[in-house]
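Please open the model in your viewer and keep the sequence panel visible beside it. The tour below proceeds by selections, each followed by a description of what is found there.

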Amino acid sequence: MCMVIFAPIFAICAFATCGGYYGHLQVKVDCADSRQNNRSINIEFGYPFRLQQVHFKAPLCETKREEILFLDGDFSSAAQFFVTVGVITFLYSLLATVVYVFYQDKYLKNNRGPLVDFVVTFLFSLVWLVSSCCWAKALSDIKMATKPTKVLLLIPACSAQENKCTAVQEPQWSRLNTSVVFGFVSAILWAGNIWFVFKETGWYKMGQRYPTRSTSGKREMRQKLYSESSFDLQEESFGTQPNNFNQTKKDLAMQVYRQGSFNQSKMNHGLPQTNLGQPVIHDSKGGAL
């Protein structure tokens, strides 16, 4: 299955790019009184992105003291949820690989293995989609919370117009953007694998157990329609039969009449002609009188 090959790879890439991230932000504060010039402030943050715990020291231009400031926001829930889903799916993919290779008979026995695999695959596809959406939204909020202009607003010295504050280095987001992409690809991969797992379950096999029944049913229906049409045609033929029978009867009577007339005329021609004149009388001696 494609899940066995690609699912562990994408899962590793997803939680590794998110869980191993560290961002670096650097700003510079230049006070107008020249007592603290070009003061650089380095801010580092990373997984699990509890930004409210990330602190840094900012100078106070009025005095030589420094104050401790914190970033805003806690995005640990979405990040940890995303990484947890990646780790669990990675472990399940390894377990599924072992079962497919070494325990195929037990996997197919009583149809329990495919059913469990189908349910788990459906749940993981749904969880990957939800966690990827949550992590994408959290990443957008992290970018806003660590934006240099937003961080400079947290420094009281930068609110004075006579002081100059600039951003020197911004965080790199390519790694976290890649983690979001791997999350959605994993969701698509698990969702597409639902069909292949469903084919191994008994639900699919029950539908394909008698594939010829539907074909035979169609064939019987065609024969039934053909017989009905043939019966209608015969019925129409029988409906026109009396007229043909009457016509045939008339023709037969005419033929008998002609045959009788022909025989009568033939008999008349065959009879010998007789003389119907006066009778001849003979005497006793044999002479004619």
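## First stop: Leu176

Begin by selecting Leu176 and, with it, the residues it touches beyond four places in sequence: Thr17, Cys18, Tyr21, Phe49, Trp135 and Leu139. The model on the screen is a predicted one. Leu176 belongs to helix H6. Is Leu176 buried or exposed? Its relative accessible area is 0%, and since the limit for a buried residue is under 20%, Leu176 is buried. Next, add Tyr22 to the selection and compare C-alpha atoms: Leu176 and Tyr22 are 154 residues apart along the chain, and their C-alpha atoms are separated by 9.9 Å.

## The whole chain

Now zoom out and display the chain as a cartoon. How many helices and strands are there in the protein chain? The chain has nine helices and five strands. Followed from the N terminus, the elements come in the order α-β-β-β-β-α-α-α-α-β-α-α-α-α. The chain has 289 residues, and buried residues make up 30% of them. Of the contacts with a separation of 6 or more, 71% are between residues 24 or more positions apart.

## The nonpolar core

In soluble globular proteins, nonpolar side chains tend to be buried together. To view such a group here, select Val29, Phe49, Phe56, Trp135 and Ile155. The largest nonpolar core has 50 residues, and these five touch the most other members. Colour next the elements that give two or more residues to this core: helices H1 (2-19), H2 (76-102), H4 (112-145), H5 (148-152) and H6 (174-198), together with strands S1 (22-30), S2 (39-46) and S3 (55-59). Which element gives the most to this core? The answer is H4, with eight residues.

Keep Trp135 selected and show its surroundings. Beyond its neighbours within four places in sequence, Trp135 is in contact with Cys18, Phe49, Ala78, Ala79, Phe82, Ile142, Leu176, Ser179 and Val180. Leu176, the first stop, is thus among the contacts of Trp135.

## The loop between S2 and S3

Select Phe49, which lies in the loop between S2 and S3. With a relative accessibility of 0%, Phe49 counts as buried. The backbone also deserves inspection: Phe49 is not a glycine, yet its phi is positive, at about 65°. Pro48 is found in the loop between S2 and S3 as well. Show the peptide bond from Tyr47 to Pro48, which is cis, with omega near 10°.

## Two helix pairs

Hide everything except H4 and H6. Their axes are 8 Å apart, and the two helices pack at an angle of about 160°. Because angles over 145 degrees count as roughly antiparallel, H4 is roughly antiparallel to H6. The crossing of H4 with H6 is left-handed. Sorted by class, their contact has 19 nonpolar, eight polar and two charged residues.

Then replace H4 with H2, leaving H6 in view. How do the axes of H2 and H6 cross, and at what angle? They come within 12 Å and cross at roughly 45°, and the two helices are therefore oblique to each other. This crossing of H2 and H6 is left-handed. To see the contact, select Phe82, Thr89, Tyr92 and Ser93 on H2, and Ser179, Gly183 and Trp190 on H6. These residues divide into three nonpolar, four polar and no charged.

## Two further selections

Select Ala145, in helix H4. Its relative accessibility is 9%, so Ala145 counts as buried. Beyond its neighbours within four places in sequence, Ala145 is in contact with Leu51, Asp72, Phe75, Lys150 and Val151. One of these partners, Asp72, is 73 residues from Ala145 in sequence, while the C-alpha atoms of the two are 6.3 Å apart in space.

Finally, select Phe6 in helix H1. Its relative accessible area of 41% makes Phe6 partly exposed. Add Trp190 to the view: Phe6 and Trp190 are 184 residues apart in sequence and 9.9 Å apart in space, C-alpha to C-alpha. Trp190 was also selected on the H6 side of the contact with H2.

Conventions
Residues are numbered from 1 along each chain as its sequence is written. This is a predicted model: local features need pLDDT of at least 70, side-chain atom pairs count only at pLDDT 80 or more; totals for chains, interfaces and linings use all residues. Side-chain values use heavy atoms; hydrogens and water are left out. A nonpolar core is a set of buried Ala, Val, Leu, Ile, Met, Phe, Trp, Tyr and Cys residues joined through side-chain atoms within 4.5 Å. Buried means under 20% relative accessible area, exposed over 50%, partly exposed in between (1.4 Å probe, protein chains only). Helices (H or I, at least four residues) and strands (E, at least two) are DSSP runs, numbered from the N terminus. Contact means heavy atoms within 4.5 Å. Axes are lines fitted to C-alpha atoms, for helices over the stretch in contact, and angles run from 0 to 180 degrees between N-to-C directions. Angles under 35 degrees count as roughly parallel, over 145 as roughly antiparallel, 65 to 115 as roughly perpendicular and the rest as oblique. A crossing is left-handed if the near helix is turned anticlockwise from the far one by less than a right angle, and right-handed if clockwise. Ala, Val, Leu, Ile, Met, Phe, Trp, Tyr, Cys and Pro count as nonpolar, Asp, Glu, Lys and Arg as charged, and the others, Gly among them, as polar.
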